Amino acid sequence: MEVVRIRRELLEYLLELAREFYPNEFAGFLREKDGVFEEVLIAPNPHFGTSSAFFDTWMLPYDESIKGTVHSHPGPSARPSQADLHFFSKFGGVHLIIAYPFTEDAVRAYLSSGERIRMEIVD
């Protein structure tokens with residue numbers, strides 16, 4: 001099974017964002033450095049609703065360090081929806097879904113195909 005590595009500080013920040021935006025979803029793009037996700041980029045002019053998150057992708061900077069995405073689910077399921085799988089196919093890489101109640105145990109990582117992968121937290 002493939003493994004995605006994420007800095008603990010970033011994961012804690014993403015969990016905090018999910019809690020702050022609840023009951024709405026939030027979404028962002030993950031920047032990777034030396035094989036570890038280190039930062040999140042929130043696209044300008046986002047719309048975060050109770051069942052979806054939208055943003056203008058043309059407003060994203062060209063950034064080769066963006067290797068994944070993250071978004072929250074206000075419900076308890078971290079399984080990707082059909083809309084999530086469609087989104088995954090557009091952006092490639094690794095995708096994190098943070099489900100309610102927005103704890104470390106409620107985070108799942110997926111490949112663009114929707115295949116679940118293991119997440120390793122690094123300090």
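Me: A salt bridge needs a side-chain nitrogen of Lys or Arg within 4 Å of a carboxyl oxygen of Asp or Glu. What makes D123 and R8 a salt bridge in this predicted model?

Reply: The closest N and O atoms of D123 and R8 are 2.9 Å apart. The cut-off is 4 Å, so the pair qualifies. D123 sits in the segment after β9 (116-122) and R8 in helix α1, so this salt bridge ties together parts that are 115 residues apart in sequence.

Me: Why is D123 called exposed, and why is R8 called partly exposed?

Reply: D123 has a relative accessibility of 72%, and exposed means over 50%, so the word fits. For R8 the relative accessible area is 29%. Partly exposed runs between 20% and 50%, so R8 belongs there.

Me: How many salt bridges does the structure hold?

Reply: There are six. One of them pairs E38 with R7, with 2.7 Å between the closest N and O atoms. Because E38 belongs to strand β3 and R7 to strand β1 (residues 3-7), this contact links parts that are 31 residues apart in sequence. E38, at 29% relative accessibility, is partly exposed, and so is R7, at 24%.

Me: How do you know that E39 and R31 meet in a salt bridge?

Reply: Their N to O distance is 3.4 Å. That is within 4 Å, so the pair passes the test. Both side chains count as partly exposed, E39 with a relative accessible area of 42% and R31 with 22%. Elsewhere, salt bridges with shared partners join R8, E104 and D123 into one network.

Me: On to the rings. How many aromatic pairs are there?

Reply: The count is five. In one of them, Y22 and F102 lie 5.7 Å apart, centre to centre, with 65° between the planes.

Me: Why is the pair of Y22 and F102 called edge-to-face?

Reply: Ring centres must lie within 6.5 Å and the planes must be over 60 degrees apart, so 5.7 Å and 65° satisfy both conditions. Y22 is in the loop between α1 (8-21) and β2 (27-33), while F102 is in the loop between β7 (94-99) and β8 (107-111), so the pair ties together parts that are 80 residues apart in sequence. Y22, Y100 and F102 form one aromatic cluster.

Me: Is F102 buried or exposed?

Reply: F102 is buried, at 2% relative accessibility. The limit for buried is under 20%, so the label holds. Y22, at 38%, counts as partly exposed.

Me: What marks the backbone of F102?

Reply: Phi of F102 is near 65°, which is positive in a residue other than glycine. D34 also has a positive phi, near 55°. D34 is in the loop between β2 and β3 (36-41), and its 71% relative accessibility makes it exposed. Most residues other than glycine have a negative phi, and most peptide bonds are trans.

Me: Which peptide bond at P23 is cis?

Reply: The bond from Y22 to P23, with omega near 15°. P23 lies in the loop between α1 and β2. Another cis bond joins Y100 and P101, with omega about 20°, and P101 is in the loop between β7 and β8.

Notes
Residues numbered from 1 in each chain as written. Predicted model: local features only at pLDDT ≥ 70, side-chain atom pairs only at ≥ 80, totals over all residues. Heavy atoms only, no water. Phe/Tyr/Trp six-rings, centres within 6.5 Å; stacked < 30°, edge-to-face > 60°. Helix = DSSP H or I, 4+ residues; strand = E, 2+ residues; numbered from the N terminus. Buried < 20%, exposed > 50% of the residue type's maximum accessible area, 1.4 Å probe, protein only.
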